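Subject: Structure handover

Hello,

Here is the structure I promised to pass on. Please open it first, then read my notes below.

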Amino acid sequence: MTRKVVIAGGGLGGLAAAIALRRQGIDAEVYEKARDLRPIGAGLSVAPNGLKALRAIDPAIVDALRPRGSEAACFHLRRAGGELVATTPTTHEERYGAPVLNLLWSRLQETLAGFLPGDAIHLGHRLAGFTQQADHVVTRFENGATVRADLLVGADGIHSAVRRSLVDEGPPRYAGRLSWRGVVGLAHPSLRPRDVTMIAGTDGKTFAIFDIGDGLTFWSAGALSPEPTPSDSAAAAKQRVIDLFAGWAPPVGDLLAATPAGDIVERPIEDRTPLTRWSHGRVTLLGDAAHAMVPALGQGANTAFEDARELARYLHHHADLTAALAAYEASRIPRTQTIHARSALQGNRYYEADSEVFSRAVLERANADQNAFEDWLYGEAPA
Ligand SMILES: Cc1cc2nc3c(=O)[nH]c(=O)nc-3n(C[C@H](O)[C@H](O)[C@H](O)COP(=O)(O)OP(=O)(O)OC[C@H]3O[C@@H](n4cnc5c(N)ncnc54)[C@H](O)[C@@H]3O)c2cc1C
């Protein structure tokens, strides 16, 4: 039986995994390197598959989240000059049993943390390494603490130290795009409750606008950049994104101007080569540590919630840890590879090398038309 689990990383994936495992009677605790639980992005879309996974972990999570965000009612597609290309009322709830919920990242993180007892989250614990024996794994932290458990889950993100000790690879792959994100409370006639607007330029630039409730708007901008050169300061990052989107129709410039420079998150878009194996003995991976993908579909956290649900399910069903981890991988690797491949295609990034990792079934599914892909992504989600 798996009784005690150490989860390295207190991001959205690690927190969800701890809740899921504890609901199965497993003593799971989170060890996070940061001194506070810090949100890493301004806003986030939780898609039907992510909400269904969270609901399967504990329906009360979704009940708590829904009033804290904005359920998308209408998707608009516009050109940079403001011309409307398409407006589509959302039908996710009717088709897939859950909406698209847009919300402040910090609210999602706080809500998940609120489902764990305070003593199950250990801040200021940066994983330094681990040692495996036949019947246990000992995790060491830089502060000198050591913890013995049946299983170590690396939920420590795209720069995962756990993954690094299992797989010999370099830094993440830069995907040729920079991103900027921000949240602002701005009254503007074109910003309406429950709207999502995607604006596409002709030069690879994109700008997405999400109502996230409480009068707040989350915006996310992307632009091609041959090198992942960071701005020198918050003020320079703000000026950079203002310059890049100069001349775009309102409310793009208004949103950028109204967002305090210090609140703008500038990030290179990166991913990792998909793996064919996530587990080695008593150690496994989850979330970005297992399958970091470009955010073209906004599926990174959503798939981490699915991982959490499935890991808990298989640890509960299989008394034998090796069998449980084999079932977890069999359930998760093909699905996340498909979402990874689709994200890369939609993000205009195709990796020749990855096609050697993906099976024919994965590639066929990843290339399906939009409706068929959404039916699979949202309709066949683990629940
Ligand atoms: C521009 C952009 C937009 C996105 N939009 C969406 C979206 O709308 N929807 C969506 O689902 N996803 C989205 N994503 C993806 C999403 O951000 C990630 O997939 C998700 O945060 C992964 O969660 P995680 O818990 O696996 O990793 P992380 O959130 O990275 O958490 C990892 C945690 O581990 C901690 N850690 C790291 N190293 C150690 C260590 N050695 N010891 C202990 N702790 C450690 C870190 O401090 C961190 O708290 C977006 C990403 C980007 C870049």
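Is Asp27 buried, partly exposed or exposed? Asp27 is partly exposed, because its relative accessibility is 31% and the partly exposed class runs between 20% and 50%. Please keep in mind that this is a predicted model.

Salt bridges

Asp27 has a charged partner. It forms a salt bridge with Lys4, and the closest N and O atoms are 3.7 Å apart. The two ends come from distant parts of the chain: Asp27 belongs to strand β2 (residues 27–31) and Lys4 to strand β1 (residues 4–8), 23 residues apart. Lys4 is also partly exposed, at 23% relative accessible area. As a general point, side chains of opposite charge can pair when their charged atoms come close.

How many salt bridges does a search of the whole structure find? The count is 18.

A second one joins Asp58 and Arg23, with an N to O distance of 2.9 Å. Asp58 sits in the loop between α2 (48–57) and α3 (59–65), while Arg23 is in helix α1 (residues 12–23), so this pair ties together parts 35 residues apart in sequence. The two partners differ in class: Asp58 is buried at 13% relative accessibility, whereas Arg23 is partly exposed at 39%.

Lys205 and Asp203 make another salt bridge, at 3.3 Å from N to O. Lys205 counts as buried, because its relative accessibility is 15% and the limit for buried is under 20%. Asp203 is partly exposed, with a relative accessible area of 38%.

There is a network too. Salt bridges with shared partners join Glu306, Asp307, Arg332 and Arg335 into one network.

Helix packing

Next, a helix pair. The axes of helix α11 (residues 321–346) and helix α13 (residues 370–379) come within 12 Å. They cross at roughly 145 degrees, and the crossing is left-handed.

Which residues make the contact? From α11 they are Arg335, Thr338, Ile339, Arg342 and Gln346. From α13 they are Gln370, Phe373, Trp376 and Leu377. By type, the contact residues of α11 and α13 divide into four nonpolar, three polar and two charged. Arg335 is worth a second look: it is in this contact and also in the salt-bridge network.

Two alanines in α11

Ala323 lies in helix α11, and so does Ala324. Ala323 is partly exposed at 28% relative accessibility, whereas Ala324 is buried at 0%. Leaving out residues up to four places away in sequence, Ala324 touches Tyr314, Leu315 and His318.

Two distances place these alanines. Ala323 and Leu152 are 171 residues apart in sequence and 16 Å apart in space, C-alpha to C-alpha. Ala324 and Phe373 are 49 residues apart along the chain, and 28 Å separates their C-alpha atoms. Phe373 is one of the α13 residues in the helix contact described above.

Domains

Finally, the overall division. Domain 1 covers 4–70 + 103–171 + 272–379, and domain 2 covers 174–271. Their C-alpha centres lie 27 Å apart. At the boundary, 23 residues of domain 1 are in contact with 18 residues of domain 2.

Best wishes

Methods
Residues are numbered from 1 along each chain as its sequence is written. This is a predicted model: local features need pLDDT of at least 70, side-chain atom pairs count only at pLDDT 80 or more; totals for chains, interfaces and linings use all residues. Side-chain values use heavy atoms; hydrogens and water are left out. A salt bridge is a side-chain nitrogen of Lys or Arg within 4 Å of a carboxyl oxygen of Asp or Glu. Helices (H or I, at least four residues) and strands (E, at least two) are DSSP runs, numbered from the N terminus. Buried means under 20% relative accessible area, exposed over 50%, partly exposed in between (1.4 Å probe, protein chains only). Axes are lines fitted to C-alpha atoms, for helices over the stretch in contact, and angles run from 0 to 180 degrees between N-to-C directions. A crossing is left-handed if the near helix is turned anticlockwise from the far one by less than a right angle, and right-handed if clockwise. Contact means heavy atoms within 4.5 Å. Ala, Val, Leu, Ile, Met, Phe, Trp, Tyr, Cys and Pro count as nonpolar, Asp, Glu, Lys and Arg as charged, and the others, Gly among them, as polar. Domain bounds come from an automatic or database domain assignment.
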